[in-house]
Every structure is written in C-alpha cells, then in structure tokens.
Amino acid sequence: MTGRIEPALMEFALNDVVRRQSALRTSIQWRDGHLVQLIAPELAVHLSIEDTAGEAALRQQALGLAATAMDLAQAPLLRVKLLRLAPDDWCLALAVHHIVFDAWSLGLLVRQIAVAYGAAVRGVPAAAPDRPIEFADYCAWQQSRDWSEGLAFFRRQLAGAEFRLNLPTTHPRGDLAGSQGGNASFLLDHDLSDCVDALAAREQATPFMLLLAAFQTLVAALANENNFVTLTAAAGRRHRQTEDLIGCLMNMVAIRAALRPSETFLALLGRVKAAALGALEHQELPFELVIADLRPPRDPGYTPIGQVAFGVQNAPEARCELDGLSYAGTELRPDQARLDLTLWIDRSTGPLRAVWTYRASLFTEAQIASFHAMYARLLRRIVDAPDSTINTLQSGCGARSMTATTPRKSFPGRAAPSALTAGNLVRTEPNWLGTPLPTRISAQLPGLSLADWVSAHRDKVEHHLRQCGGILFRDFQVESIGDFQRFARVIASELIQYGERSSPRTELAEGIYTSTDHPADQPILLHNEQSYTLNWPMRIMFFCELPPLKHGRTPIADSRRILARLPPATVEKFERLGVRYTRNYLPGISLPWTEAFQTTDRSAVEAYCRAASLEFEWLDDGRLRTRQTRPAVRIHPVTGERTWFNHALFFHVTGLPDEISRSLRAAVADEDLPYNTYFGDGSPIEDAVLGELRMAYEAETTSFEWRQGDVLLLDNMLVAHGREPFEGPRKIRTAMTDPYEQLYGTPASHPQAPMERAS
C-alpha cells in the first residue's frame, strides 16, 4: 500500500471486511460426530504493527505467518501483520488457510479493504455489497448436489488415459511428501501475445484453449505419451452471486489430452476446445470425488490423476487506486510444488507472462528454462503455420530431443494387456470384463506354478489388489487343494480357522474349507466375510476344483463403489447408528451355538462373547441369543478408503427367499428369528433403505464363469462376494487369511464419530 496509512483505521477496515465476509469468521469443528462449518457472529482481528526494511525481510515476515499449522477449530483462519517499510510504504501481510480463501478472493480482499479504509477515513459506513448468499450457502449447495452426471462424464472422458507421466527429469523420482518447489517466470513477446489472441478468435476458441493445446503438444513430446491428463484450476464462480464472495470456490478439473501425431494443430485445437468445454461444465464437482470414483493406482511418487497442470490467470486484478492511495496484492507461496510441472499464463501485465512451478527434486532451473524456450518456439510456429502437423511442431521446437527415456509402466485402467515379467510369462488384463474388477492374470507358459510366480512377484500382486480389490488367476498349475494351500501360504500372513460361524463349512485341509454348504437352488447374497466380527479376514480366496454344470458363479462387487452409490442421508444414518445383529442359534433352522462357536462349553462361549463385545442371553430351552452392534462403514487400514463393510442386508430376514422369509415370520416372533438386522439403536431398517442397498449391490455386481484351476483372490474389505444357484456338482474351495486384529489391532466395536475414526 503506497501512501499515508493510519494503522487504527486500517484495523477498522480489515474488521469491516471480516464482518461482511463470513468465510473470514469461519472455523471447522466436530459437532455430534460430524465435521461442520461454524461462523462466528462477531469476531475482532487485532492488527499488530512492525517496522521492516527491504524486500527480503518483507518476504521473510510474510512467509513467517504461514510457518506453523493453523488450528481449523479456531476462527479466524488467518494471521495478519501491518508492516511499515517507510512512512508512505506499507504492507498488510496475511496468511489465510486455503479452506476459506483462493486466488479470486485476493482481488476481492484488496478492493474491499480499500473501500472500507476510504470510508473509515471519511467517517462514513462502507457501502454494503448486494450479496444474496454467503460462503456457507455455497458449501451447502455443493454438498447437496447430485454429482452422478459429472462423475459419469469424467469416467467416459478419462477412460484409457495414462494417469502417470514420465517427463525427462534431472533427478530420480522420490516421494511427494515435503517436495521442494521452484518457480520461474518468463515474458513472451508482445506480438506473440497478439498473434495468439488473433488465431484463437479466428478459430472461435479462447486463448486458454489454444495455449492449453500448445502445452499438451509440448508435454506429449517430452513424455512420449499422447493420452494423459492435464489439470486446470477453475474459479468455480460461474454464478453472479459468487463473484464478490470471499472463500475457496476454486476446484481442480481434469481435461483429457489425446494427441494424434499426424493431425494438424487446428484439428487438435478443435478437440481441446470440446474437451475443455465439457470438463469445465462440471467445474463445481469436487475433484476428490472424481479421484474416489476413478480409483487410480496410488504411488507415493505420483499424484493420483495427472502430474501436470495448465491455467490462465483470470481472477480479478488485485490492485486499485482510491482516495490517493495505491493498493496492490500479490501471493507468496512456500517453496513447495504439489505437481511435477505447472504452467500459469498471466495476462494482467499486458504481454503474456509464463510462470512455471516445478518440483525441484525432479527438475533444475536450467531444465525449466529449456522447457519454456521450447514452448515459446512452439507457440511461434503454431501462429505462423497452424496447419502444421503435431509431429512437425514437436520436432521443430526441439521437444523430441528431450523425450523421456524412463521405461513406460502399465497400470490398471488401461485396456491393453501388459506383461509383468520378462518373456511374457503372464498376461494382465485389468478390464477384461468391461469393469475394473477383477483384474485377470493369465499364465502364458504351461505348467507355471501359481505359488512360485506369486512368490516372485508379490509387489505386483499387492499393487493390483489394492487398486481394484480382486484378481482372477487363470491357466496356472493349480490342480489340487495342496496347490491352493501353498498359494494361500505364500500370499497370506496367516490362514484363519473359521470361528464365530454363520454358515456351515467343512474343513478339507488346514485352513482350507468348502465354500458355504448351502442348498444349490438358493442364492447367497453378496457380503464381506465375517464383517460382523472383530477379527475378520482381510483376504478371502477361492479355488475352482470342479466347476458346476450350469450357473454357480461367484458374483463380486466393489464395496467402495457400493458406498458411493448410497444416498448420503442413508450413509449418515448408518454411520451414526451402526448395524445391530441379532442371532438365535436354532438347531435345524440355523447353526446351533455348539457349531457356531466350535465348543460345547457354555462358559467358553460366554468368555468369547465378552471378549468380542457380544451381548448374550441363555433362553429357557437352552437356546442362545446374541446381539452385537458394529459400524456399517470401515476404513481400510492400508488404502485409507471408506468402504461399505457389514452384513446389514445379508442377515436381514428379507434377505432370505420370499417364501422362506414369510414362513419364518409366520412361525416365530421377529426377536426369535435366526438372523435379523436393525439400526444400531434397535429401530427397524426401513423397506425403502433395504431397497437402496439392494440397488447399490446390483449396480456394482459383476461375475464370470468358473474354469477348473481358477483362483480368485479378494481383498475382503474392498470387495463383497456371493453365490448364484447352480446345477450339478460344484467344488469351490476357500481360504480366509490375514486376521485383522493380529495385523492392525482391535478395531472399533461400535460406531464412532468421524474424528475418532480418522484418529
């Protein structure tokens, strides 16, 4: 701020803006088990004053405000100092948490402080803006939206795109945590800026679209990849009511890059225009929901979807002149980079300014300078000869000479098969059923032992299992229960002895069982094995010793996607209350307690129930009744993802065939049913909710025909399984492995508040 400033009036002006902008009075707190946004009705910000000298000291003071973490529960989520460099040279330094502030907000803040200060000097109230909504209204609107259309769009647009780019780097790639960042800024020639505008206008595109197409052309040549994802930051302010609203409305948007080397740049520009318009139509869809829906492979060295970003700065200019004072705002960021490479084009100073942000652990400043020189040459060639082919443009700007030499990797989500070992010993097909689940890995060499191959490629198997939740191994040499048992022992930490049983099974070898001994003409609903216990198997695997003559598939479904399909209100109620399971151990109708607990000793059963948080009751006729309340949603201990993990539908009486369900309910009271489920407070689960659960399971279910020797490996927390009715003999063997409690400690036995789950 240039001019004479009265600190007391500046403090008054700042508080006037805080009073008018609810985001600056916002805190984020846990209330009744939920994360909520609280707005303080009144809040005073104290403005301390310090003298400082020089740009370096000024920068150090400003960045010092952001050096320590902010407590989101304490409003305001900002820190501020008034720094005096000279009597007529001042700096208002603010550190604001991104959760309530974005680049657009900076321009608003500068102008509104200028107006409020001018009014304070004159002794009159600042004019109140016409703003019908507050930041909290926008948040509520965003959370209540149905995003299914947008998610479907990004599934289509990004299908087959490479989510990981290997750009030519000076240093080897490491983890993202604490990634040191660098910045480099370059001016483009003034006439080049005018030529870009003219060509974009001629092709009925925006300069953003043309500059993005040029950036994608450069990245494609450097990474030797024509199908990838470019990210851009959208302001999220398409509605007039949000234009003068301080808050974090910006959002990352994924735009597909799909280049064809033989096509002209103008042809590419037309497709980039369509891709950008389509993606930006969904710019309010939270990017984290897109990531959760696509479930890209995770690697600590890569961001999940895309490592490059491009944008044109279109936020309101953070400067103004008012009442003889000059105000100019600028953003200082800590030297960190969230992405490998980001190019921002700033038009606020006249000629185009290219601002490159990069991970200093990967690139040098000289390398970034060479990238910029290539980009400038590329733009010049584009405006001079827009009908040139992509291949010609890439060669002419010098990008081909720097093409990455890092070996290409193949990840789930790409339709093309890829070899996991030298010599093409196996073939991996992530989408062979048209869905990510399950990945199929097929032996290409007769007699290849599954146990031996998995032992040598454990990391690759774990990667695919974390990604999609299930792997079908086919055409390996798995001819007997012994072969299956050897595989289970290689891939698992421990084979589980089947306890707290809910279905009859016969043990065939140590840790190897028949699949559920259930009538062949009845289906088995999808479920996650033993989710009602506190020591469920993290993995379950199946071996086809003999396929049935007809039907008898093992349907499976991704429990993460099931959860995503359920209405938020339903999920919230289940998370808050949990699921209550009631069991009556009725000989002849269900498993007797002696078989369920594998003992005839009542005291042993009672000890088990106490240790496992089961309420138990011995009835007059010697029968046992148990009740337990468990969470409906669990957090996967490895991936950190929320997953629908319960037997709410499976154990509900309506989960039985209609005729059996009606007969049972006619014969006994609900409390005497062999199995039934309720909400955790004992209230019934409504028919409409049960219908929602059925629809979610059905929508995500996939299956395949069993072949002799097939082995299906499932992450039990990520994938539910069931069984179709069948005809003829069917010998599907199963093993349950990796008990949760032994690996990760005792889980929560009852529903918990979200904060407690996160901790």
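Contact is taken here as heavy atoms within 4.5 Å. On this basis, in the predicted model, Val196, Asp197, Leu199 and Ala200 of helix α6 meet Pro207, Leu210 and Leu211 of helix α7. The residues of this contact comprise six nonpolar, no polar and one charged. Helix α6 spans residues 190-202 and helix α7 residues 207-223. The axes of the two helices lie 8 Å apart, and the packing angle is about 105°. Angles of 65 to 115 degrees count as roughly perpendicular, and α6 and α7 are therefore roughly perpendicular to each other.

A second element of the model is an open sheet of three strands, arranged in the order β3-β4-β5 with mixed pairing. Strands β3 (48-51) and β5 (89-96) occupy the edges; each has a single partner strand, so one side of each is left without a neighbour in the sheet. From one strand to the next, the twist averages 25°. Strand β4, formed by residues 78-86, pairs with β5 in the antiparallel sense, and eight bridges link the two. Within the sheet, Lys81 stands opposite Ala93, a residue of β5.

Helix α2, residues 55-64, packs on this sheet and touches β3, β4 and β5. The direction of α2 makes about 165° with that of β4. Angles over 145 degrees count as roughly antiparallel.

Key:
Residues numbered from 1 in each chain as written. Predicted model: local features only at pLDDT ≥ 70, side-chain atom pairs only at ≥ 80, totals over all residues. Heavy atoms only, no water. Pairing = 2+ DSSP bridges. Helix = DSSP H or I, 4+ residues; strand = E, 2+ residues; numbered from the N terminus. Axes fitted to C-alpha atoms, helices over the stretch in contact; angles between N-to-C directions. Parallel < 35°, antiparallel > 145°, perpendicular 65-115°, else oblique. Nonpolar A, V, L, I, M, F, W, Y, C, P; charged D, E, K, R; others polar.
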